[in-house]
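Visitor: Could you take me through this structure step by step, with a reason behind each answer?

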Amino acid sequence: MNDALGGIQTALVLGGTSELALATLAALDLRPGARVVLAGRDEQAMGGIAVPTSSGGKAEVSTLAWDALHASSGPALIAAAAERLGDIDLVLVAAGILGEQARAETDVEHAVDILCTNLVGVAAAVLPAAERLRAQGHGTIIVFSSVAGLRGRRANYVYGASKAGLDALAEGVQSSLAGSGAHLLVVRPGFVRGKMTDGMESAPFATTPEAVGAAVADAVRKGREAVHVPRLLGPVFAGFRLLPRPVFRRLPG
Ligand SMILES: NC(=O)c1ccc[n+]([C@@H]2O[C@H](COP(=O)([O-])OP(=O)(O)OC[C@H]3O[C@@H](n4cnc5c(N)ncnc54)[C@H](OP(=O)(O)O)[C@@H]3O)[C@@H](O)[C@H]2O)c1
């Protein structure tokens, strides 16, 4: 459990190879001797990942096989992580795929994969994770949503729909945890130059995994409930939401 100084001693990552999750863990300065469970599809890749701690050492990392497309495995995953870690100080929810919008419009299976990975599969793990943290009476869940979920855009509305659903779920879980001692932070990055967007043309306000990690760590320390990265995207998207649809439609991208 969190030590007296509030340091993180145990963490579970859903989407264990996620660039944003690993940048966040590095920025959070885990306590020396911290234990981390990376859950995901590629156990070989996860097995080679080192997670730094505040002492300059490395956390004790282990892995669990988990595929978000097998949504019913969510509760068993959380139970297995709790068995290994005991109390879970931090659950980082970073599994997701961007998919291809053009393909998703004609290939329904692809659209379903995006929706089932980013929303259904993730929700099926977030709900039992919240239950676990509520019972512990402490801990933080960090959910990687996206500004794409704030308004349906021509360029990425299937992905956007999955993130809109996840965002609503996360906000609801946040409310359900109020007063329990556990917290949930919703993270809404814009375009991040990294693995997920490799080969894509950069978008306005593009950022880096390291900047996302630093912003998330700062938000955790300050006990915030939501963070946009970069921060300016908060007011920008608040403005987008007020634009009449015909005007919004004419915006590039
Ligand atoms: N990068 C961006 O521009 C950006 C912007 C806004 C929001 N986000 C969100 O932030 C989160 C992290 O993104 P990232 O940039 O760190 O991307 P990433 O490096 O590609 O990480 C995505 C993670 O999701 C995992 N994953 C994909 N499908 C899965 C499945 N069926 N079951 C279990 N795990 C699965 C991947 O595992 P594998 O190694 O097996 O593929 C990987 O660990 C995502 O939810 C993403 O939507 C990203």
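Visitor: Which helices each supply at least two residues of the shell around the ligand?
Guide: This is a predicted model, in which local features need pLDDT of at least 70 and side-chain atom pairs count only at pLDDT 80 or more, while totals for chains, interfaces and linings use all residues. Residues are numbered from 1 along each chain as its sequence is written, and side-chain values use heavy atoms, with hydrogens and water left out. Helices here are DSSP runs of H or I with at least four residues, numbered from the N terminus. At least two residues of the shell come from each of helix H1 (19–27) and H6.

Visitor: How far from an oxygen atom of the ligand does a polar side-chain atom of Arg41 lie?
Guide: The ligand is surrounded by 28 residues, where being near it means having a heavy atom within 4 Å, and Arg41 is among the closest, together with Thr17, Ser18, Ala68 and Tyr159. An oxygen atom of the ligand also has an N or O atom in the side chain of Lys195 at 3.4 Å. For the polar side-chain atom of Arg41, the distance to a ligand oxygen is 2.7 Å.

Visitor: How much of the accessible area that the ligand has on its own does the protein cover?
Guide: Accessible areas come from the Shrake-Rupley method with a 1.4 Å probe. On its own the ligand has 900 Å² of such area, and the share covered by the protein is 91%.

Visitor: Is Asp167 buried or exposed?
Guide: Asp167 is found in helix H6, which runs over residues 157–177. Buried means under 20% relative accessible area, exposed over 50%, and partly exposed in between, with a 1.4 Å probe and protein chains only. Because its relative accessible area is 7%, Asp167 is buried.

Visitor: With which side chain does the side chain of Asp167 make a polar contact?
Guide: Leaving aside neighbours within four places in sequence, Asp167 is in contact (heavy atoms within 4.5 Å) with three residues, namely Val186, Arg188 and Ser145. A polar contact is a pair of N or O atoms within 3.5 Å; within protein, one must be able to donate a hydrogen and the other to accept it, and residues adjacent in sequence count only if both atoms are side-chain atoms. At 2.6 Å, the partner is the side chain of Ser145.

Visitor: At which residue does H5 bend?
Guide: Helix H5 (residues 108–136) reaches 40 Å from its first C-alpha to its last. A bend is the angle between axes fitted to the seven residues ending at a residue and the seven starting there. In H5 this angle is about 45°, at Cys116.

Terms used
Expected span 1.5 Å × (residues − 1).
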